[in-house]
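Here are a few exercises to work through with the model open on your screen. Try each one before you read the solution.

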Amino acid sequence: MVAIDQYNISPEIIKVSKHHIEVDQIDNDARSIIQRLNKAGFKGYIVGGFVRDSILGLKPKDCDVVTDATPEQVNSLLPRTRIIGRRFKIVHSRSGRKITEISTFRSSSQRNTQKSNKGLVLRDNNYGNIEDDAFRRDFTINSLYLDIEKMEIIDFVGGFKDLQNKKLKSIGDSFERFKEDPVRILRAIRFKAKLSLDLDKKLEADMKKLSYLLKEISSGRKYEETLKMLLTGNAELIMTEMNSHNLLEHLLPLTKDFLNSKKDKRFIYNALKNTDDRYKKNKSLTPAFLFSVLLWPALVNKMGGITSKKTKLHNISRAASLILKRQNENCFIPGRIQQSIKETWELQIMLLRVPEKSKVTLKHKRFRAGYDLLLLREDSGENLGGVGKWWTEKISY
Ligand code: ATP
Ligand code: MG
C-alpha cells in the first residue's frame, strides 16, 4: 500500500511561467474530449507521458486524459469511444488512426482491489478523486495533471521537482509498488533510458530483488511492454539494462543466451542500433522484424547454421515453430506476427538461390524484411558469398 502520509497532501500548483507548456502544444483530440467532459459537468485533465515529456521539451508519444466520469459515463457521452480492459477499465477514443486513452480517477485503497497471494494487483476498478489518483500512479514524474483551461499543473507528489532534477522516484515504497505490479520495473528501465534519469540505490535494488515476479505477468502484457522498450529509440541502452537487471529471462530468454557470444551480441546490437536510428528518422518499425532478429541466433543454433541454399524450407519452418513456441511461453507474439517472422526466416534460404529463383523471391511479400535481415547478417560479419551485394544491385535497377 502507498504510504500517503510521507507527502504533503495540498498540491503544488505550477504555472506556465515555470512549466513552459504552451496552449498550442495541447493535443486537439484531448482538448475536445476535456471540453465535452467539462460541458457535462465532469473534470478532465491531461496526465502522464504527455505532461512529463512536454515539460522536458520532448515530443510526447501520446496524450492520456483522466476524468472523474466513470468509463460508462465517458462512453455514453463521447462519440467513437469504447470501454476496454479487465484489470483496469479504461475508455479508448478514436480519431482516425489515433487513440486517446481516457481513464477514471482511481484510488489505491485496498477496499476493492483484488490481489493475488504474492501481492500482485489483479483487478482494480476502485474509483476515487484526483488526489487518490495521484498516489496510485507509478512514479512521481508520471503524476502531473495539466489543467488545460488554466494551463496549470497540479502536483501532489513532487514530480515536477523530481523531473527537473532528473530523478525517477516511486510513489510510496518502491518494494511494495513493484510487488503490486512488476511491470513497473520495466517502465522504470524505459523511463531511465529515455529521459536519462537517476535512480536511487533502493529503487535499483528493489528492481533487481523483484524482477522474478515478472513470471506472474501475462505473456501478452509482457509482449506489449517489450515493444514499448525496444521500438521507441533507446533499444541498445534498454537491452543492456534489461540484461543487467536479470529481466531477459522473463521476456527474451532465447536472446539472453546468445548475448554471451561475441558474434551474436554484435549481430543483435547492430540490429538494435539500426532500430534506434530508424526511430529517430521517423522510419517505419515492425515488431515482426524486431523479433526475427532477436530470435535469429536461436534459430541458427537450432538448425546448426543457415548458409546453404540447399537447406529445406520445411526444416526452417519446423525449427521456427519450436523457437516461437519457447518464446511464447514468456512473451506471447501474436499469430500474424509469428507468421511474418517465419516468412522472413524462410526468405534467408530463398535469397541465397540466385540468380535462378530471384524473380519469385523478389515478388515475395516479405522480400524487404528478408533482404534487410540478410544485410544485417553480412554487416555483422557473416560470409554469404556477397549475395547481399547481388540483391542490392538487382533492386537498384
Ligand atoms: P508513454 O510516453 O510511454 O505513453 P506514459 O507514462 O504516458 O508514457 P502510459 O502507459 O501511457 O505511460 O500510462 C499513462 C500513465 O498511467 C502513466 O504516466 C502513469 O501515471 C500511469 N500508469 C501507467 N502504467 C502504470 C502502472 N503499471 N502502475 C501505475 N501507474 C501506471
Ligand atoms: Mg502515455
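**Exercise 1.** Find the loop in which K166 lies, then work out whether K166 is buried or exposed, or something in between.

*Solution.* Start with the neighbours: K166 sits in the loop that runs between α6 (159-164) and β11 (167-168). Keep in mind that you're looking at a predicted model. Next, check the backbone: phi of K166 is positive, about 55 degrees, although this residue is not a glycine. Now for accessibility. Partly exposed covers what falls between under 20% (buried) and over 50% (exposed). K166 has 32% relative accessibility, so it counts as partly exposed.

**Exercise 2.** Which loop holds R80, and what is the sign of its phi?

*Solution.* First, the place: R80 belongs to the loop between α4 (71-77) and β4 (81-84). Second, the angle: R80 isn't a glycine, yet its phi is positive, near 50 degrees. Third, the surface: the relative accessibility of R80 is 60%, so this residue counts as exposed.

**Exercise 3.** Look at the peptide bond from V354 to P355 and say whether it is cis or trans.

*Solution.* Read off omega: the value is near -5 degrees, and the bond is cis. Then place the proline: P355 is in the loop between α18 (335-350) and α19 (358-363).

**Exercise 4.** Describe the surroundings of ligand 1: which residues are closest, and which element gives the most to the shell?

*Solution.* Begin with the head count. Ligand 1 has 18 residues around it, and the closest are G49, R52, D181, R184 and R190. Sort the shell by character and you get 14 charged residues, three polar and one nonpolar.

Now go through some polar pairs:

- The side chain of D181 puts an N or O atom 2.8 Å from a nitrogen atom of ligand 1.
- N142 uses a backbone N or O atom, 2.9 Å from an oxygen atom of the ligand.
- D138 has a polar backbone atom 3.2 Å from a nitrogen atom of ligand 1.

As for cover, ligand 1 has 590 Å² of accessible area on its own, and the protein covers 89% of that. Two or more shell residues come from each of α3 (49-55), α8 (183-195) and α10 (219-230). The biggest giver is α8, with five residues.

**Exercise 5.** Which residues coordinate the magnesium ion (ligand 2)?

*Solution.* Follow the OD atoms: D62 and D64 coordinate the ion, at 2.4 Å. Then check D62 for accessibility: its relative value is 32%, so D62 counts as partly exposed.

Methods:
Residues are numbered from 1 along each chain as its sequence is written. Chains are lettered from A and ligands numbered from 1 in the order in which they are written. This is a predicted model: local features need pLDDT of at least 70, side-chain atom pairs count only at pLDDT 80 or more; totals for chains, interfaces and linings use all residues. Side-chain values use heavy atoms; hydrogens and water are left out. A residue is near a molecule or strand if one of its heavy atoms lies within 4 Å of it. A polar contact is a pair of N or O atoms within 3.5 Å; within protein, one must be able to donate a hydrogen and the other to accept it, and residues adjacent in sequence count only if both atoms are side-chain atoms. Accessible areas come from the Shrake-Rupley method with a 1.4 Å probe; for residues, only the protein chains shown count as cover. Helices (H or I, at least four residues) and strands (E, at least two) are DSSP runs, numbered from the N terminus. Ala, Val, Leu, Ile, Met, Phe, Trp, Tyr, Cys and Pro count as nonpolar, Asp, Glu, Lys and Arg as charged, and the others, Gly among them, as polar. Donors are N, O and S atoms within 2.8 Å of the metal (3.2 Å for Na, K and Ca); water is not among the atoms, so sites may look incomplete. Buried means under 20% relative accessible area, exposed over 50%, partly exposed in between (1.4 Å probe, protein chains only).
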